[in-house]
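Hi,

Here is the structure I promised to pass on. Have a look at it first, and then read on for what turned up.

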Amino acid sequence: MKQIILALAAILATAAAALAHSKAEDTTPAKEATVETVEVIELRFDDPMRVTAISLTGPDGEMEITRETGLDPVTEFRAMPPEDMPGGAYTVDWRGLSSDGHPMQGSFDFTVAD
């Protein structure tokens with residue numbers, strides 16, 4: 001019985017720690033969206049996140065983006081894409097540190113209509 005209680009305590013502690021990490025709640029453009037143009041790339045988190053790296057890959061490979069948000073922890077991160085983005089599929093990849101110091105990463109895809 002004592003072993004079961006210890007196992008349950010360990011599971012609950014692990015689950016609570018996993019829930020404490022910041023996570024991306026919303027993006028602009030929206031994940032899997034098809035858009036005519038992209039004026040900004042935004043990531044919104046439930047807790048402050050220090051985004052340490054972000055990249056945009058399009059139909060012709062990696063594209064340069066300009067960070068508007070620095071390296072301070074934020075709940076809303078912004079970057080500016082190139083003005084002229086050709087039609088096609090795009091992927092945003094990001095890495096960061098959550099408010100508890102845990103390394104995090106994520107990505108989302110969208111399509112620019114021709």
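Strands β7 and β8 run antiparallel and are joined by 10 bridges. This is a predicted model, by the way, so please read everything below with that in mind. Within this pairing, Val92 stands opposite Phe108 in β8. The hairpin made by β7 and β8 has 4 residues between the strands, and Gly101 takes a positive phi there, near 85 degrees.

β7 has another partner too: it runs antiparallel to β3, with 8 bridges joining the two. If you want a spot to find in the viewer, go to Ala53, whose bridge partner in β7 is Arg95.

Stepping back for a moment, the chain has 1 helix and 8 strands. The helix comes at the N-terminal end of the order, and the strands follow it: α-β-β-β-β-β-β-β-β. Of the contacts with a separation of 6 or more, 59% are between residues 24 or more positions apart.

Now the aromatics, which I had fun with. The structure holds 3 aromatic pairs. How are the rings of Phe45 and Trp94 arranged? Their centres are 5.3 Å apart and their planes sit at 75 degrees; an angle over 60 counts as edge-to-face, so that is what this pair is. Phe45 belongs to strand β3 (residues 41–58) and Trp94 to strand β7 (residues 88–98), so the pair ties together parts that are 49 residues apart in sequence. Both rings belong to buried residues: Phe45 has 5% relative accessibility, and Trp94 has 6%.

Tyr90 and Phe110 make another of these pairs. Their ring centres are 5.5 Å apart with the planes at 10 degrees, so this one is stacked. It links distant parts of the chain, with Tyr90 in strand β7 and Phe110 in strand β8 (residues 103–112), 20 residues apart. Tyr90 counts as buried at 1% relative accessibility, and Phe110 is buried with a relative accessible area of 1%. Ring pairs also bring in Phe108, giving a cluster of Tyr90, Phe108 and Phe110.

On to the inside of the protein. Nonpolar side chains tend to be buried together in soluble globular proteins. Here the largest nonpolar core has 23 residues. Which residues have the most contacts inside it? They are Ile41, Ile54, Leu56, Phe77, Met85, Trp94 and Phe110. The elements giving two or more residues to this core are β3, β6 (74–80), β7 and β8. The largest share comes from β3, with 7 residues. You will recognise Trp94 from the edge-to-face pair and Phe110 from the stacked one.

Ile41 is worth a click. Leaving aside residues up to four places away in sequence, Ile41 touches Thr28, Ile54, Leu56, Ile65, Phe77, Arg78, Ala79, Pro81, Val92 and Phe108. Among them are Ile54, Leu56 and Phe77, which also have places on the list of best-connected core residues. Val92 and Phe108 are in that contact list as well, and they are the two that stand opposite each other across β7 and β8.

Last, the overall figures. Buried residues make up 33% of the 114 residues in the chain. The chain exposes about 7100 Å², and carbon and sulfur atoms supply 54% of that.

Cheers

Technical notes:
Residues numbered from 1 in each chain as written. Predicted model: local features only at pLDDT ≥ 70, side-chain atom pairs only at ≥ 80, totals over all residues. Heavy atoms only, no water. Buried < 20%, exposed > 50% of the residue type's maximum accessible area, 1.4 Å probe, protein only. Contact = heavy atoms within 4.5 Å. Areas by Shrake-Rupley, 256 points an atom, 1.4 Å probe, with all protein chains shown as cover. Phe/Tyr/Trp six-rings, centres within 6.5 Å; stacked < 30°, edge-to-face > 60°. Pairing = 2+ DSSP bridges. Core = buried A, V, L, I, M, F, W, Y, C linked by side-chain atoms within 4.5 Å.
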